[in-house]
Amino acid sequence: MYLPGVGRHVGILGVPLGFGAGKPGSELGVSAIRLAEFRDKRIYSHIKDLGYEVTDHGDVPIDIPDLESGVLESPKHISE
């Protein structure tokens, strides 16, 4: 039997990773999606309006490569 709202959970998990991108800035996408408003509401509210419970788990911690060392692996930042 279907019960609205029962067992309907969505988790949001950001992965701010842009090491493989050709241009800097793609790692900012997770923040942009959370902050952007579509039809006067943020994504969190739209998901709730569909009947889901929403939990934002934040962002995954990302290791930042030491760009000052001048030693980068090929392909770009593979160890990270």
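**Exercise 1. Place tyrosine 44 and say whether the residue is buried, partly exposed or exposed.**

Tyrosine 44 has a relative accessible area of 35%. Buried would need under 20%, and exposed would need over 50%, so tyrosine 44 lands in the partly exposed class. Bear in mind that this is a predicted model.

Now for the place: tyrosine 44 belongs to helix H2, which covers residues 43–49. For a link across the chain, take valine 10, which is 34 residues away in sequence from tyrosine 44. The two C-alpha atoms are separated by 9.6 Å.

**Exercise 2. Lay out the fold from the N terminus on.**

Start with the tally: two helices and four strands. Then put them in order, which gives β-α-β-β-α-β.

Next, look at the contacts between residues with a separation of 6 or more. Of these, 61% link residues 24 or more positions apart.

Finish with exposure. The protein has 80 residues, and 15% of them are buried. Its accessible surface is about 6400 Å², with 58% of that belonging to carbon and sulfur atoms.

**Exercise 3. Work out the surroundings of tyrosine 52.**

First, find the residue: tyrosine 52 sits in the loop between H2 and S4. Its relative accessibility is 29%, so tyrosine 52 is partly exposed.

Second, list the contacts, skipping neighbours within four places in sequence. That leaves Arg8, His9, Val10 and Ile47.

Third, go through two of those partners. Histidine 9 is 43 residues from tyrosine 52 in sequence, yet the C-alpha atoms are 5.3 Å apart. Arginine 8 lies over the face of the tyrosine 52 ring, 4.2 Å from the ring centre. The cut-off for a charge over a ring is 6 Å from the centre, along with a limit of 35 degrees from the ring normal.

Last, check for ring–ring pairs. How many aromatic pairs turn up in the whole structure? The search comes back with zero.

**Exercise 4. Find the salt bridges and decide which ones form a network.**

A reminder before you start: side chains of opposite charge can pair when their charged atoms come close. The cut-off to apply is a nitrogen-to-oxygen distance within 4 Å.

Step one is the count, which is three.

Step two takes arginine 34 with aspartate 56, where the closest N and O atoms are 2.8 Å apart. Arginine 34 is in helix H1 (residues 29–35) and aspartate 56 is in strand S4 (residues 53–59), so this pair ties together parts 22 residues apart in sequence. At 36% relative accessibility, aspartate 56 is partly exposed.

Step three brings in aspartate 59, which also bridges to arginine 34, with the closest N and O atoms 2.6 Å apart. Aspartate 59 lies in strand S4 and arginine 34 in helix H1, so here the tie spans 25 residues of sequence. Aspartate 59 is partly exposed, at 36% relative accessibility.

Step four covers lysine 41 and aspartate 49, whose side chains meet at 2.1 Å, N to O. Lysine 41 is partly exposed, with 31% relative accessibility.

Step five is the network. Shared partners join Arg34, Asp56 and Asp59 into one.

**Exercise 5. Explain what stands out about the backbone at arginine 39 and aspartate 40.**

Here is the background: most residues other than glycine have a negative phi.

Now check the angles. Arginine 39 has a positive phi of about 50° without being a glycine. Aspartate 40, also not a glycine, has a positive phi near 70°.

Then place them. Arginine 39 is in the loop between strand S2 (37–38) and strand S3 (41–42). Aspartate 40 is in the loop between S2 and S3 too.

Are these residues buried or exposed? Arginine 39 counts as exposed at 72% relative accessibility, and aspartate 40 counts as exposed at 73%.

**Exercise 6. Identify a nonpolar surface patch and locate one of its members.**

Which residues make the patch? Leu13, Val15 and Leu17 do, and the patch has an area of about 270 Å².

Pick valine 15 for a closer look. Valine 15 is in the loop between strand S1 (9–14) and H1. With a relative accessible area of 44%, valine 15 is partly exposed. A patch member needs over 30%, so valine 15 passes that test with its 44%.

Key. Residues are numbered from 1 along each chain as its sequence is written. Side-chain values use heavy atoms; hydrogens and water are left out. Rings of Phe, Tyr and Trp (its six-membered ring) pair if their centres lie within 6.5 Å; planes under 30 degrees apart count as stacked, over 60 as edge-to-face and the rest as tilted. Buried means under 20% relative accessible area, exposed over 50%, partly exposed in between (1.4 Å probe, protein chains only). Patches are made of residues with over 30% relative accessible area and no salt bridge: like charges are joined within 9 Å, nonpolar side chains (Val, Leu, Ile, Met, Phe, Trp, Tyr) within 5 Å. Accessible areas come from the Shrake-Rupley method with a 1.4 Å probe; for residues, only the protein chains shown count as cover. Contact means heavy atoms within 4.5 Å.
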